Amino acid sequence: MTLLDNLPPGELRAGGTDLMSRPGTGPYVDLVGLPDLSGVTWQPDGSARIGALTTIAELARDERLHAAYPALTLTAGALATPQIRAVATIGGNLLQRNRCWYFRNPAFSCHQNGGDSCPARAGLNLYSAVIDTSPCLAPHPSSMAMALLAYDAEVEVHGRPAFPVGELYGSDPTRDHLLDPGEILLAVHLPPPAAGERAAYYRATSRSEAEWPLVEAVARVTPDGATAVSVGGVARVPLRLPEVEQALAAGESMEVAAGRAATRCAPTAANGYKVTLLTATVLEVLEQATAPS
Ligand SMILES: Cc1cc2nc3c(=O)[nH]c(=O)nc-3n(C[C@H](O)[C@H](O)[C@H](O)COP(=O)(O)OP(=O)(O)OC[C@H]3O[C@@H](n4cnc5c(N)ncnc54)[C@H](O)[C@@H]3O)c2cc1C
Ligand code: SF4
């Protein structure tokens with residue numbers, strides 16, 4: 001039995017930047033100060049363990065992390081505002097709830113708060129998902145999850161063996177992540193980088209700061225020629241794009257491969273612009289990750 005097995009009942013709070021802005025939450029159980037959950041630890045094989053309470057600002061300014069996983073630190077440095085990055089944690093970022101304005105407004109009922117419909121489908125859906133994987137159309141909110149997907153990261157949850165970060169999420173329309181209430185995310189594990197690998201991050205935004213991206217993407221190119229492409233802002237979950245990765249592996253041009261990102265898109269009447277942004281953002285990160293240095 002450890003300290004973590006004896007936490008009082010309540011909603012787990014890390015930086016509180018998401019939790020405290022949602023109506024109806026609490027009482028809270030503070031995680032900040034629990035031992036072994038903060039900071040980056042390097043293993044002899046070059047892999048890294050990032051404690052769940054490590055702040056986004058700490059990640060963004062970590063030079064060793066930047067040398068090993070540049071798209072991760074670039075993503076961290078681009079999200080939200082300096083004030084939020086100073087207190088927001090990687091664990092809270094991965095487990096934050098979606099930003100759909102219907103979900104965050106107590107006057108509306110939907111799949112995400114006990115209802116059985118999605119008012120965004122027939123309502124205001126300018127920022128909604130364009131890859132339609134669920135009755136809920138809210139795009140996944142975590143930029144860090146999107147970047148970690150490209151690095152094949154795993155997560156460590158108290159009492160469970162480590163598992164791929166993508167398995168934190170699913171198309172369940174009632175939930176933004178698949179941890180049960182009270183389950184504690186302990187850390188993120190990143191495999192050792194390949195010597196000479198390169199990566200790029202880009203976000204398409206409607207204003208330069210303090211906003212979630214409309215679309216964001218990471219491309220990671222390893223010396224064996226393989227490319228990993230992950231995207232955010234376009235689906236209920238952060239996504240890898242095998243259709244783009246396989247087109248590149250088959251020798252297609254970057255333009256043609258980036259165009260494959262549109263294959264699965266089924267936009268609403270209002271958010272067709274995201275399909276164009278998606279292919280352009282994917283092309284941008286591919287070009288940046290392969291540009292002469
Ligand atoms: C203006 C603005 C712009 C933003 N832009 C972006 C953006 O571009 N990209 C992006 O990714 N985010 C963005 N954010 C969101 C911000 O990054 C998150 O609010 C923040 O990362 C959440 O971290 P936190 O530590 O404050 O989490 P908290 O608010 O403390 O927790 C969030 C959720 O995770 C749970 N939780 C936290 N830690 C753990 C743990 N270790 N184990 C189990 N459960 C846990 C909590 O119970 C809660 O449900 C933005 C926020 C604002 C206000
Ligand atoms: S998009 Fe999701 S969160 Fe928004 S109203 Fe529909 S079901 Fe609710």
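Which residue in β6 is the bridge partner of Glu-154? The first legend has the answer, and every view comes from a predicted model.

**View 1. Strand β5 and its pairing with β6.** Let's start with the question above: Glu-154 has Pro-164 as its bridge partner in β6. Strand β5 covers residues 154–157 and β6 covers residues 163–164; the two run antiparallel and are joined by 2 bridges. Follow the chain through the hairpin of β5 and β6 and you will pass 5 residues between the strands. Look there for Gly-159, which takes a positive phi near 85°.

**View 2. Strand β5 again, now with β7.** Strand β7 spans residues 185–190, and its pairing with β5 is antiparallel, over 4 bridges. A handy place to begin is Val-155, which has Val-188 of β7 opposite.

**View 3. The surroundings of ligand 1.** Here 31 residues surround the ligand, and the closest are Gly-15, Gly-91, Gly-92, Asn-93 and Leu-95. Three elements, β1 (11–13), α5 (90–95) and α7 (143–150), each supply at least two residues of this shell. Helix α5 gives the largest share, with 4 residues. Sorted by class, the shell around ligand 1 has 17 nonpolar, 10 polar and 4 charged residues.

**View 4. The surroundings of ligand 2.** This ligand has 14 residues around it, and you will spot several cysteines among the nearest: Cys-100, Cys-110, Cys-118 and Cys-136, together with Phe-103. The shell around ligand 2 has 11 nonpolar and 3 polar residues, and no charged residues.

**View 5. Helix α10 and what covers its buried residues.** Helix α10 runs over residues 273–290, 18 residues in total. From first C-alpha to last it reaches 26 Å, close to the 26 Å expected at 1.5 Å a residue. Its buried residues include Leu-277, Leu-278, Val-282, Leu-286 and Ala-289, and also Lys-274 and Glu-284. Among the elements covering the buried residues of α10 are the strands β8 (198–204), β9 (215–221) and β10 (227–232), along with the helices α8 (242–249) and α9 (254–259).

**View 6. A closer look at Val-221 in strand β9.** Why does Val-221 count as buried? Because Val-221 has 21 C-beta neighbours inside 10 Å, and 20 or more are enough for a residue to be called buried. Beyond its neighbours within four places in sequence, Val-221 is in contact with Glu-197, Arg-198, Thr-227, Ala-289 and Thr-290. If you are looking for Thr-205, cast a wider net: Thr-205 is 16 residues from Val-221 in sequence, and their C-alpha atoms are 24 Å apart in space.

Definitions and conventions: Residues numbered from 1 in each chain as written. Chains lettered and ligands numbered in written order. Predicted model: local features only at pLDDT ≥ 70, side-chain atom pairs only at ≥ 80, totals over all residues. Near = placed C-beta within 6 Å. Nonpolar A, V, L, I, M, F, W, Y, C, P; charged D, E, K, R; others polar. Pairing = 2+ DSSP bridges. Expected span 1.5 Å × (residues − 1). Buried ≥ 20, exposed ≤ 12 C-beta atoms within 10 Å, placed from the backbone. Contact = placed C-beta atoms within 7 Å.
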